[in-house]
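Visitor: I have just started learning to read protein structures. Could you walk me through this one?

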Amino acid sequence: MRMIVLDTETTGLEISLGHRIVEIGAVELVNLVPTGREYHCYFNPGQEIEAGAYETHGLTNEFLADHPTFAERVDEFLAFIGDDHLVIHNAAFDLAFLNMELTDAGRPPLDAGRAVDTLQLARARFPGAPASLDALCRRFAIDTAEREKHGARVDSRLLAEVYLHLCGGRQQSLDLGGPAAPGPAEAGGEAAGPRASRSWSASDAERAAHRELLRQIRDPVWLRD
């Protein structure tokens with residue numbers, strides 16, 4: 001199963017004030033394992049970056065001036081994410097900005113039903129505990145040395161690790177409370193019929209070997225009075 005772990009950085013927090021996306025980072029997972037395929041792009045937003053946003057991600061208008069607009073790269077972004085599920089931390093925020101940019105570029109918006117929100121997953125699993133990306137990295141002992149400031153590329157990589165842990169970590173098969181593995185019918189094959197009964201009775205040779213073994217045991221407890 002293919003999924004895309006995705007993060008964005010913006011010029012500010014309010015679409016109503018004209019804020020736009022300045023960076024997208026995305027990591028491809030297949031069966032919860034990173035494949036090494038990533039999407040990353042900076043965008044020229046055509047507007048000033050708020051001081052608070054700059055403090056968060058460190059991107060300046062001077063740096064972004066020579067980068068493409070979102071509309072110029074929209075098709076390669078859509079080709080990368082395809083129709084697969086999107087894993088996003090606080091999905092409502094990122095989807096709102098992505099759909100604003102997509103609409104402005106003349107493309108249909110992304111369906112919110114595609115999004116897996118790791119913020120909601122974390123809150124459900126750890127009620128009352130901090131659920132920011134930083135807090136989850138600390139909880140799962142994920143190395144954040146690469147991260148000096150928030151950045152869509154590094155944050156999507158960290159979120160991919162967090163999502164793996166939220167799904168049960170690398171030992172998912174030991175999670176007895178997790179979902180059962182799909183049967184043949186769910187995996188695309190035909191449903192199996194009733195399994196034939198088996199006889200577990202010992203053969204004459206096995207019983208003889210057992211009696212010989214017992215004769216070799218001194219003073220067996222099951223023969224005592």
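Visitor: What covers the buried residues of helix 5?

Guide: Happy to help! Please keep in mind that this is a predicted model. The cover over the buried residues of helix 5 includes strand 4 (85-88), strand 5 (115-117), helix 6 (133-139) and helix 7.

Visitor: Which residues of helix 5 are buried?

Guide: The buried ones are T118, L119 and A122.

Visitor: What puts them on the same side of helix 5?

Guide: Look at the arc around the axis: they cover only 105 degrees, and therefore they sit on the same side of helix 5. A general rule is handy here: an α-helix has 3.6 residues a turn, so residues three or four places apart point the same way.

Visitor: Why are helix 5 and helix 7 called oblique to each other?

Guide: Start with the angle. The axes of helix 5 (residues 118-125) and helix 7 (residues 152-166) cross at roughly 40 degrees and come within 11 Å. Angles under 35 degrees count as roughly parallel, and roughly perpendicular runs from 65 to 115. The crossing of roughly 40 degrees fits neither, so the pair is oblique. As for handedness, helix 5 passes helix 7 in a left-handed crossing.

Visitor: Which residues meet there?

Guide: From helix 5 come T118, L121, A122 and R125, and from helix 7 come L159, Y163, H165 and L166. By class, the contact has five nonpolar, two polar and one charged residues.

Visitor: What makes helix 3 and helix 4 roughly perpendicular?

Guide: Helix 3 (residues 70-81) and helix 4 (residues 91-104) pack at about 110 degrees, their axes 10 Å apart. The range for roughly perpendicular is 65 to 115 degrees, so helix 3 and helix 4 earn that description. Helix 3 also passes helix 4 in a left-handed crossing.

Visitor: Which residues of helix 3 and helix 4 meet?

Guide: F70, V74, F77 and L78 in helix 3 touch L98, E101 and L102 in helix 4. That contact divides into six nonpolar, no polar and one charged residues.

Visitor: Let's turn to E9. Where is E9 found, and is E9 buried or exposed?

Guide: E9 is in strand 1 (residues 2-10). Its relative accessible area is 7%, and buried means under 20%, so E9 is buried.

Visitor: Which residues is E9 in contact with, leaving aside its neighbours within four places in sequence?

Guide: With those neighbours set aside, the contacts of E9 are R20, I21, V22, E23, T56, H57, H150, G151, A152 and D155.

How values were computed. Residues are numbered from 1 along each chain as its sequence is written. This is a predicted model: local features need pLDDT of at least 70, side-chain atom pairs count only at pLDDT 80 or more; totals for chains, interfaces and linings use all residues. Side-chain values use heavy atoms; hydrogens and water are left out. Axes are lines fitted to C-alpha atoms, for helices over the stretch in contact, and angles run from 0 to 180 degrees between N-to-C directions. Helices (H or I, at least four residues) and strands (E, at least two) are DSSP runs, numbered from the N terminus. Angles under 35 degrees count as roughly parallel, over 145 as roughly antiparallel, 65 to 115 as roughly perpendicular and the rest as oblique. A crossing is left-handed if the near helix is turned anticlockwise from the far one by less than a right angle, and right-handed if clockwise. Contact means heavy atoms within 4.5 Å. Ala, Val, Leu, Ile, Met, Phe, Trp, Tyr, Cys and Pro count as nonpolar, Asp, Glu, Lys and Arg as charged, and the others, Gly among them, as polar. Buried means under 20% relative accessible area, exposed over 50%, partly exposed in between (1.4 Å probe, protein chains only). The arc is that of the directions from the helix axis to the C-beta atoms.
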